[in-house]
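Work through the exercises below with the sequence and the coordinates open. Try each task before reading its solution.

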Amino acid sequence: PYLYRSRLDATAITTTVLWGYIGGVALGIISLLVVSHQFLKGISLHAPQHVVAATITGGALVGTAAGRYDALNRQKAALIGSLQEATAELSTATTTEAVCQHAVDIANEVLDLPIAGIWLHEGDEPALVPEAISDHAMPEFDATPTFRPGDSLSWGAFESGDVRRYDDVSTTTDVYNPDTMIRSEIIVPLGDLGVMNFGSPEPGRFDALDETVAELLGTATEA
């Protein structure tokens, strides 16, 4: 269950399990050789079967940890590679609306971030106006909000210029709508153009990898 909660894909889970198996077998063989060697020398070990079992278990745990690290790195590289390929198409968009919509589509289809939207700062009015919202995000709003100074986490991120990640926005004081179904959120400023938001109704949904790829997508969209 731990592996399946880790958001590893099926291939990565298989790789992790295989590493665990190899680790257990490798250290199991080593421990059997040591026990056999000690036995042949006439040295009696206390509960040798427990020693072997504990060594196999330890090897499996070490192998699983190493496998998970390797799998996550491979998955990260694959995800970033897919993102780079997808964002290359942003340069073919000829209007701001098309760029924003394509960026939202990439978030949905490539990054598996279904709730996404872009708000732009237009004209002299101090406001962030919705430009592109994913279809999955629309049910979360009675009406797509416009963010203004001091009324939202989005404006705070836009003003500071810092990427912000929240595990549960309901615990913050500056959330735009205290009754929102959104819990996890990543907000990526797009320079002085606006912000790109990613949300989920699940607390703690986003990790450092999500934040990295969200920021990369935001940078590509801003450019």
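**Exercise 1. The hairpin**

Task: Find the turn residue with a positive phi in the hairpin of E4 and E5.

Solution. Keep in mind that this is a predicted model.
Step 1. Strands E4 and E5 form a hairpin, with four residues between them.
Step 2. Check the pairing. E4 and E5 (residues 194-200) run antiparallel and are joined by six bridges.
Step 3. Read the register. Glu185 faces Gly199 of E5, and Ile186 stands opposite Phe198.
Step 4. Look in the turn. Gly191 has a positive phi of about 60 degrees there.

**Exercise 2. The sheet**

Task: Give the order of the five strands, and explain why one side of E2 and of E3 has no neighbour in the sheet.

Solution.
Step 1. The order in this open sheet is E2-E1-E5-E4-E3, with antiparallel pairing.
Step 2. E2 (128-133) and E3 stand at the edges with a single partner strand each, so one side of each lacks a neighbour in the sheet.
Step 3. From one strand to the next, the twist averages 20 degrees.
Step 4. Add the helix. H6 (residues 208-222) packs on the sheet and touches E1, E3, E4 and E5. The direction of H6 makes about 35 degrees with that of E4.
Step 5. Look at the partner of E3. Strand E3 (residues 164-166) pairs with E4 over three bridges, in the antiparallel sense. Within this pair, Arg165 stands opposite Ile186.

**Exercise 3. Two faces of one strand**

Task: Decide whether the residues on each face of E4 are buried or exposed.

Solution.
Step 1. Recall the rule for a regular strand: side chains alternate between the two faces of the sheet.
Step 2. Sort the residues. Ser184, Ile186 and Val188 lie on one side, and Glu185, Ile187 and Pro189 on the other.
Step 3. Check burial. Both sides are covered, and these residues are all buried. That is six of six residues in E4 (residues 184-189).

**Exercise 4. A glutamate in the strand**

Task: Explain why Glu185 counts as buried, and name its side-chain partner in a polar contact.

Solution.
Step 1. Place the residue. Glu185 lies in strand E4.
Step 2. Apply the cut-off. Buried means under 20% relative accessible area. Glu185 is at 13% relative accessibility, so Glu185 counts as buried.
Step 3. List the surroundings. Beyond four places in sequence, Glu185 touches residues including Leu153, Arg164, Tyr166, Val169 and Phe206.
Step 4. Find the polar partner. The side chain of Glu185 makes a polar contact with that of Asn197, at 3.3 Å.

**Exercise 5. The cores**

Task: Which element gives the largest share of the largest nonpolar core?

Solution.
Step 1. Start from a general tendency: in soluble globular proteins, nonpolar side chains tend to be buried together.
Step 2. Find the hubs. The largest nonpolar core has 26 residues, and Ala107, Ile118, Met196, Phe198 and Leu217 touch the most other members.
Step 3. List the contributors. Helix H3 (48-87), H4, E1, E4, E5 and H6 each give two or more residues to this core.
Step 4. Pick the answer. H4 provides the largest share of this core, with six residues.
Step 5. Compare with the helix itself. The buried residues of H4 are Val99, Cys100, Ala103, Val104, Ile106, Ala107 and Asn108.
Step 6. Follow one hub. Met196 touches Ala103, Val104 and Ala107, among others, and its contacts also include Ile118, Ile186 and Leu217.
Step 7. Do not merge the cores. Another core, of 16 residues, lies apart; among its members are Ile133, Ala137, Val169 and Val195.

**Exercise 6. Two loop residues**

Task: Locate Asp112 and Ser152, and state what phi the former has and whether the latter is buried or exposed.

Solution.
Step 1. Asp112 sits in the loop between helix H4 (96-109) and strand E1 (115-121).
Step 2. Most residues other than glycine have a negative phi. Phi of Asp112 is positive, near 60 degrees.
Step 3. Ser152 is in the loop between E2 and helix H5 (153-160).
Step 4. With a relative accessible area of 6%, Ser152 is buried.
Step 5. Look at its contacts. A polar atom of the Ser152 side chain lies 3.1 Å from the backbone nitrogen of Trp155. Ser152 also touches Phe147, Asp174 and Tyr176.

Key
Residues numbered from 1 in each chain as written. Predicted model: local features only at pLDDT ≥ 70, side-chain atom pairs only at ≥ 80, totals over all residues. Heavy atoms only, no water. Buried < 20%, exposed > 50% of the residue type's maximum accessible area, 1.4 Å probe, protein only. Pairing = 2+ DSSP bridges. Contact = heavy atoms within 4.5 Å. Polar contact = N/O pair within 3.5 Å; in protein donor to acceptor, adjacent residues only side chain to side chain. Axes fitted to C-alpha atoms, helices over the stretch in contact; angles between N-to-C directions. Core = buried A, V, L, I, M, F, W, Y, C linked by side-chain atoms within 4.5 Å.
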